[in-house]
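Hi everyone, thanks for coming. Let's take a look at this structure together, and I'll walk you through one part of it.

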Amino acid sequence: MKNGVKSIVIVVVCAALCLGYYYYLTQKDSGKEQELSEVEMVVSKDLEKSYPKTAREVVKFYNRILSCYYSQDYTQEQLGKMTEQARILMDEELKENNPQDSYLQAVQAEVASFEEEKKTISNISMEGSKEVEYKTKNGRDYAYVDVSYFMKSYDSDKKSGRVSQTYILRKDENSNWKILGFYQE
């Protein structure tokens with residue numbers, strides 16, 4: 001009889017351990033914080049502490065911001081913060097030509113135009129880091145980064161297509177790459 005009671009106790013203890021472990025696993029998953037959206041990640045990135053190291057990384061982060069402009073849901077406050085983040089990536093010369101309020105209005109107009117034309121950016125393709133072109137002019141370092149934007153139109157009268165753009169970056173006094181401008185090919 002003692003062996004029978006011992007067996008029952010062992011089975012009950014094992015069952016309790018299994019139930020306890022199951023409870024632990026289910027509570028562990030439900031206690032996770034909600035994952036951040038791409039907009040929230042872009043807005044929350046502290047560029048003062050972790051500024052992108054290379055010209056390519058600067059353009060890559062700028063394009064994450066562009067993707068959010070055109071394909072994400074966000075509040076007006078988040079849009080304002082995204083444009084502030086974009087301006088941090090800009091050279092002082094470009095910032096002077098694009099004050100925060102003007103830049104925000106230009107982004108809003110461009111996004112509205114995309115919505116009106118029923119267009120989205122379906123893909124962004126950047127050249128590899130070995131294909132970035134570097135030059136020195138008047139003692140300043142410049143980088144040229146090519147990006148292709150693949151546009152998709154949901155309007156049957158409009159074509160989908162590709163737009164190629166070259167970003168021109170210049171190193172600032174802190175040796176950070178900043179976007180000076182761009183041109184389309």
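**A pocket and one of its helices**

Let's start with helix α6, which gives the largest pocket the largest share of its lining, five residues. Helices here are DSSP runs of H or I with at least four residues, and strands are runs of E with at least two, numbered from the N terminus. A pocket is an open set of points on a 1 Å grid over the protein atoms alone, where a 1.4 Å probe fits, with protein on both sides within 12 Å along at least five of seven lines; lining residues have an atom within 4 Å of a point.

Before going on: this is a predicted model, where local features need pLDDT of at least 70, side-chain atom pairs count only at pLDDT 80 or more, and totals for chains, interfaces and linings use all residues. Residues are numbered from 1 along each chain as its sequence is written, and side-chain values use heavy atoms, without hydrogens and water.

Which residues lie nearest the centre of the largest pocket? They are Tyr62, Leu66, Tyr70, Gln165 and Phe182, out of 22 in the lining. Besides α6, the elements giving two or more residues are α3, β3, β4 and β5.

Now back to α6 itself. Its buried residues (under 20% relative accessible area, 1.4 Å probe, protein chains only) are Gln100, Tyr103, Val107, Val111 and Phe114. Seen down the axis of α6, they fall within an arc of 70 degrees, taken from the directions from the axis to the C-beta atoms, so they line one face of the helix. On the other side, Asp101, Gln105 and Glu116 are exposed (over 50%).
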